[in-house]
Amino acid sequence: MDAALTAARAGLVSCHSCHLLVRPPAGGAEAMEHAACPRCGAALHSRKPDSLGRTWAYLITAMIFYVPAMALPIMTTTTTFGGARKDTVLSGVYYLLTTGMWPLAAIVFFASVVVPVLKIVILVLLLVTSRQGGDWRRLDRARLYRLTEAVGRWSMVDVYVVTILVALVRLQALAIVEAEQGAVFFAAVVVLTMFAARSFDPRLIWDQRSDATP
């Protein structure tokens, strides 16, 4: 599989936007900095510029934000009888479980805990192994990257759940649900992990250490 002809080995560059194969301009790295796709006009790069560094930056910020996202209340529920309840993600999951709403508890737990942690762990693994180079389980690492992209779309599920709960409860006029600081940090974690996944160049998985261009 490694012996297959690639765009890089053929002396071509694949456009990130329209995937047109383009022969890079003469003049070396300086000319390449200003190269653009002749079809769509997007900037051309053999690999995403500073892919590993930018992915690490997004990922570390996401890991820092994940702590307050889990520790701070994500929503406050105030009933018409005057009672107020603040819930973090985990206390909300526990409340849903103890009140018999285990399917909703499972959705919130999966979207709030499993998906973000899974994405962070996979991206850290990809970053470390890509930096080291070598051919360790390349196909499996490529599959993990695709898994990261696939599960990423489910990261916002619990934010949607909070939004729907807010709308429904307000319509019923039985209580008031307000999003808290934890929801802001959690939304930031979702966005940052999405940026991290987009910044990572999966072609680095297939590059040999000698010709890797992170």
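Trainee: How much of the protein chain is made up of buried residues?

Mentor: Let's start with the whole chain, keeping in mind that this is a predicted model. Buried residues make up 35% of its 214 residues.

Trainee: And which helices and strands should I look for, and in what order do they run?

Mentor: The protein chain has seven helices and five strands. Starting at the N terminus, they run β-β-α-α-β-β-α-α-α-α-β-α.

Trainee: What share of the contacts comes from residues 24 or more positions apart?

Mentor: Take the contacts in the protein chain with a separation of 6 or more: 64% of them join residues 24 or more positions apart.

Trainee: Now a pair of helices. At what angle do the axes of H2 and H7 cross?

Mentor: An angle over 145 degrees counts as roughly antiparallel. Here the axes of H2 (residues 51-71) and H7 (residues 181-199) cross at roughly 160 degrees and come within 8 Å. H2 and H7 are therefore roughly antiparallel to each other. The crossing in which H2 passes H7 is left-handed.

Trainee: Which residues make that contact?

Mentor: On the H2 side they include Ser 51, Tyr 58, Leu 59, Phe 65 and Met 70. On the H7 side, Phe 185, Phe 186, Val 189, Leu 192 and Phe 195 are among them. Sorted by class, the contact has 15 nonpolar, six polar and one charged residues.

Trainee: Let's follow the chain past H7. Is Asp 201, in the segment after H7, buried or exposed?

Mentor: The idea is to compare its relative accessibility with a cut-off: buried means under 20%. Asp 201 has 2% relative accessibility, so it counts as buried.

Trainee: What does Asp 201 touch, leaving out residues up to four places away in sequence?

Mentor: Asp 201 touches Arg 47, Lys 48 and Ser 51. You have already met Ser 51 on the H2 side of the helix contact. Look closely at Lys 48 too: its backbone nitrogen lies 2.8 Å from a polar atom of the Asp 201 side chain.

Trainee: How far apart are Asp 201 and Asp 50, in sequence and in space?

Mentor: It helps to read both separations side by side. Asp 201 and Asp 50 are 151 residues apart in sequence, and their C-alpha atoms are 9.5 Å apart in space.

Trainee: One last residue: where does Arg 138 lie, and what does its side chain reach?

Mentor: Arg 138 lies in helix H5 (residues 138-152). With a relative accessibility of 4%, Arg 138 counts as buried. Its side chain reaches the backbone oxygen of Ile 205 at 3.3 Å.

Note on methods
Residues are numbered from 1 along each chain as its sequence is written. This is a predicted model: local features need pLDDT of at least 70, side-chain atom pairs count only at pLDDT 80 or more; totals for chains, interfaces and linings use all residues. Side-chain values use heavy atoms; hydrogens and water are left out. Axes are lines fitted to C-alpha atoms, for helices over the stretch in contact, and angles run from 0 to 180 degrees between N-to-C directions. Helices (H or I, at least four residues) and strands (E, at least two) are DSSP runs, numbered from the N terminus. Angles under 35 degrees count as roughly parallel, over 145 as roughly antiparallel, 65 to 115 as roughly perpendicular and the rest as oblique. A crossing is left-handed if the near helix is turned anticlockwise from the far one by less than a right angle, and right-handed if clockwise. Contact means heavy atoms within 4.5 Å. Ala, Val, Leu, Ile, Met, Phe, Trp, Tyr, Cys and Pro count as nonpolar, Asp, Glu, Lys and Arg as charged, and the others, Gly among them, as polar. Buried means under 20% relative accessible area, exposed over 50%, partly exposed in between (1.4 Å probe, protein chains only). A polar contact is a pair of N or O atoms within 3.5 Å; within protein, one must be able to donate a hydrogen and the other to accept it, and residues adjacent in sequence count only if both atoms are side-chain atoms.
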